[in-house]
Amino acid sequence: MSRIQARTKSRGALAALSAGVLLSVVLIPGTPAIAATPSTEFPGRTMGSGAYGYVGQFGISQTQTTPKPLDFAFPYGVSVRDGVIAVGDSGLATWEAPNQQAAGHNLQTFTLQPGLGTNGAYQGDGKWAVETHEADANPQGIVQPKWQTPDDPKGPRGQRGTAIDSKGNVYVLSSDAIPNVRKYSPTGELLLSFGDGHTPGPINWPVGIDVDEQDNVYVTSQGTSAVTVWDTNGKFLSWWSVYWADGEKLPFVDLTGVQAVAVDAKRGAVYIGDIQDEGRPGRIHKLLLTKTTDHNVDPGNNPAGWTWKIDPTFGTGGYVELPKLFLGKNHVFGLAVDENNGNVYYSASTGNVSWLSPNGARLGTIGTSTGAAQSEGRTSVVRGIDVDSSGIVYASTQQTTATSNKRSIVQAFALTPDPVTGATATAGDAQVELSWTAVTQGYGQVPVLDYFIETSVDGGTTWTAAPAGTTTRAASTATTRTIAGLTNGTETSFRIRAVSEAGMGDPMIVTATPVATVTPTPTPTVDPTPTVDPTPTVDPTPTVDPTPTVDPTPTVDPTVTPTAGPTATADPSDPPVVTPKPTDPGQLSKTGSDNLLPLAGIAVLILMAGIAMRARARRAGHEG
């Protein structure tokens, strides 16, 4: 998080505080890539990005005379291409089980089914069911049987290495049945057999096989410490061994019992794995092959005229040596190359599958040789290994090479999810809103199924699944989540991981401090001083005629004409009734204010009353 972003978050927190909510956001960048470790609680799964975990299996251990589809005795070679996987079963030798000599001894092919990694043991809330599948030959439904060859009891051992070419033809080796190499059509029809142990191209106890981009076939010869090359029709082309390379013997090339071969057609490289001999462990050698006809043409050893060279940049001067065991020998059993990135995979007699970079740097291991014998991901003995075009690794697996073996399967391994990025935490009242960027399925991976979140209130010393409780939360790929039930005022860290069937990726950690919401008391808005016109505008001096014109001496008829009925006697002291002359109302309207009319009327009445009083006084004066 940049300083600018931090300041922005701080200003946002202050703004929220003014509204009554404390917002605390602290972003911690995704933790550096941590060393991925196998889970002890959930066998086969790996915790940490960039490592492999178990995602599925098929096959079941059966020592039947006539094997059914998915019945394996000792699954050996494995090859996968264009959605088809082929497994060679070496079966039991005559001296191991005289009455079951035909058990295994066949080649089986399968069609890979979609949905790998979506129908496994993941239950949600960061938990997987712990299963062994001892009685289930196809527990995740990852393959569909295609075709198989009849059992082959001719030799002490059955089928060994397998390979699939660009046209879908399947090659399989038999170590001690002549001819050693057989080619089947995509539908299981036998097309060709070649390799009789004689020159040119002698094959002696072949175990490993692979093909290149031109469908040329590479076959190991353990008895002669060599790799022989044949075209798709079984014609010998070239070979490379301790005894011959570039037209002469190279005694410094230390090969002992070549057992495995893998071709990187994209980079023109051939990898050879041998067995331990004379005290030194097995080695993986890298050769660079130039397919041009030049002076190296040799009808008996190199009719194609190819040039083989050791790649000195690989490992130590061209090879990587396996760890030396205190007891026992460490052989290279299987080899495979991921042509997408050039990584090299090998299985050894220690049980684990390991992988190297194109220059021989050790990248990690796959599976485990510890734990229960039938546990998912257990790789006690791995003879064959291959990588498909999506980066999924397949390995044939046995519990032991003895007749007591009860585990005969092929397992699939995928890379764990990438690290979580873009996580933020927004605090509220006793809760925090989390969000992050979706983790997508990458090369060598299976789909992300869930995001597992843990909380810590002691700075990351201890972590607890969130939400805490006994109920398992259902898996969800949503990239937001509300974590409730938190303690206000306590800084809480949140660790977010992406989860797949293979395990968990690296986490990203964010921190927030929830605080109770404070609701301020509202203050009503009132206008304390209404606007009123305190002094209305009035014409203070109305225009009134102060002296109305009145006849001062009213004319009274002195002679009263009597009428019928009672005769009224006039009181001489009463003033005469005078009818004043009405004032023209128009005079008042001319003042400019109609509101003065009532005032004017009052003034007239007062004036009339005054006149009347003066008249009475005058009369009284006359009488006195």
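This briefing walks through aromatic pairs, charges over rings, a small set of paired strands and salt bridges. The model is predicted, so please read each value below as computed from that prediction. Two totals set the scene: there are 13 aromatic pairs, and the structure also holds 13 salt bridges.

**Aromatic pairs**

- Let us start with Phe 42 and Trp 128, whose rings form a tilted pair with 5.4 Å from centre to centre and 55° between the planes.
- Phe 42 belongs to the loop between strand S2 (37-38) and strand S3 (46-47), while Trp 128 belongs to strand S11 (residues 127-128), so this pair ties together parts that are 86 residues apart in sequence.
- Phe 42 and Trp 128 are both buried.
- Trp 128 also pairs with Tyr 122: the ring centres are 5.1 Å apart and the planes stand at 65°, which is over 60 and therefore makes the pair edge-to-face.
- Tyr 122 is buried, as is Trp 128.
- Taken together, ring pairs join Phe 42, Tyr 122 and Trp 128 into a cluster.

**Charges over rings**

- Over the face of Trp 306 you will find Lys 291, at 5.4 Å from the ring centre.
- Phe 333 has the charged end of Arg 383 over its ring, 4.0 Å from the centre.

**An open sheet**

- Here 4 strands make an open sheet with antiparallel pairing, in the order S13-S14-S15-S16.
- Which strands stand at the edges? They are strand S13 (159-164) and strand S16 (190-194); each has a single partner strand, so one side of each is left without a neighbour in the sheet.
- From one strand to the next, the twist averages 20°.
- Strand S14 (residues 170-174) and strand S15 (residues 181-184) run antiparallel and are joined by 4 bridges.
- If you would like a spot to look at in this sheet, try Val 170, which stands opposite Tyr 184 in S15.

**Salt bridges**

- Among the 13 salt bridges is the one between Arg 45 and Glu 376, with the closest N and O atoms 2.4 Å apart.
- This pair links distant parts of the chain, 331 residues apart: Arg 45 sits in the loop between S2 and S3, and Glu 376 in the loop between strand S29 (362-366) and strand S30 (381-387).
- Arg 45 and Glu 376 are both buried.
- A network of salt bridges links Arg 45, Glu 376 and Glu 501.
- Another salt bridge joins Arg 280 to Asp 274, where the closest N and O atoms are 2.8 Å apart.
- Are Arg 280 and Asp 274 buried or exposed? Arg 280 has 10% relative accessibility and so counts as buried, and Asp 274, at 0% relative accessibility, counts as buried too.
- Asp 450 forms a salt bridge with Arg 481, and here the closest N and O atoms are 3.9 Å apart.
- Asp 450 is in strand S35 (residues 450-456) and Arg 481 is in strand S37 (residues 480-484), so the salt bridge ties together parts that are 31 residues apart in sequence.
- Asp 450 and Arg 481 are both buried.

Note on methods:
Residues numbered from 1 in each chain as written. Predicted model: local features only at pLDDT ≥ 70, side-chain atom pairs only at ≥ 80, totals over all residues. Heavy atoms only, no water. Phe/Tyr/Trp six-rings, centres within 6.5 Å; stacked < 30°, edge-to-face > 60°. Helix = DSSP H or I, 4+ residues; strand = E, 2+ residues; numbered from the N terminus. Buried < 20%, exposed > 50% of the residue type's maximum accessible area, 1.4 Å probe, protein only. Lys NZ or Arg CZ within 6 Å of the ring centre and 35° of its normal. Pairing = 2+ DSSP bridges. Axes fitted to C-alpha atoms, helices over the stretch in contact; angles between N-to-C directions. Salt bridge = Lys/Arg side-chain N within 4 Å of Asp/Glu carboxyl O.
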